[in-house]
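Visitor: Could you take me through one part of this protein in some detail? I would like a close look at a single sheet.

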Amino acid sequence: QGRLVESGGGAVQAGDSLRLSCEPSGFSGRLSCIAWFRQAPGKKREAIASKYLGGGSIDYGDSADKARFTIFEDNDGSTVHLHMNNLKPEDTAMYYCATRGPYIGCRTSLESVDFPYWGQGTQVVVSP
């Protein structure tokens with residue numbers, strides 16, 4: 001059974017940077033799409049960005065801050081990262097990575113219902 005493991009979260013101060021990582025394992029085939037989402041307490045889960053693996057396209061969620069958030073993959077495509085600059089208290093949330101499964105690519109519209117596989121999440125807390 002495939003799984004995703006997120007890491008890199010933590011407690012930081014406003015203005016700091018963090019790099020989150022998503023490492024997949026156990027899937028029956030090569031993954032084509034990995035996305036990052038986040039959910040703050042009492043709020044809906046929101047899309048941040050998706051990456052078509054193997055040097056493919058990137059799409060951002062409607063409310064994502066493209067100037068501060070960057071999604072990228074390792075050269076071998078084994079791990080996908082989310083680099084976040086100039087963090088703000090409103091970025092405090094649980095951050096999740098997700099995939100649509102082996103060989104299934106990304107869609108330009110980032111909808112959580114399109115992603116059947118999710119990690120457990122990594123918590124980010126940003127203090128003023």
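How many bridges join β7 to strand β8, and which way do the two run?

Guide: Happy to help. This is a predicted model, where local features need pLDDT of at least 70, side-chain atom pairs count only at pLDDT 80 or more, and totals for chains, interfaces and linings use all residues. Residues are numbered from 1 along each chain as its sequence is written, and side-chain values use heavy atoms, leaving out hydrogens and water.

β7 and β8 (residues 80–84) run antiparallel and are joined by 5 bridges. Strands here are DSSP runs of E with at least two residues, numbered from the N terminus, and two strands pair if DSSP finds at least two bridges between them. Within this pair, Phe69 stands opposite Met84 in β8. The hairpin of β7 and β8 has 6 residues between the strands, and there Gly77 takes a positive phi near 70°.

Stepping back, the open sheet has 4 strands in the order β1-β3-β8-β7, with antiparallel pairing. Its edge strands, β1 (3–7) and β7, each pair on one side only.

On to β3 (residues 18–25): 5 bridges join β3 to β8, again antiparallel, and Cys22 stands opposite Val80 in β8. Ser21 is also found in β3. Ser21 counts as buried because its relative accessibility is 15%; buried means under 20% relative accessible area, exposed over 50%, partly exposed in between, with a 1.4 Å probe and protein chains only. Beyond its neighbours within four places in sequence, Ser21 is in contact (heavy atoms within 4.5 Å) with residues including Val5, Trp36 and His81.
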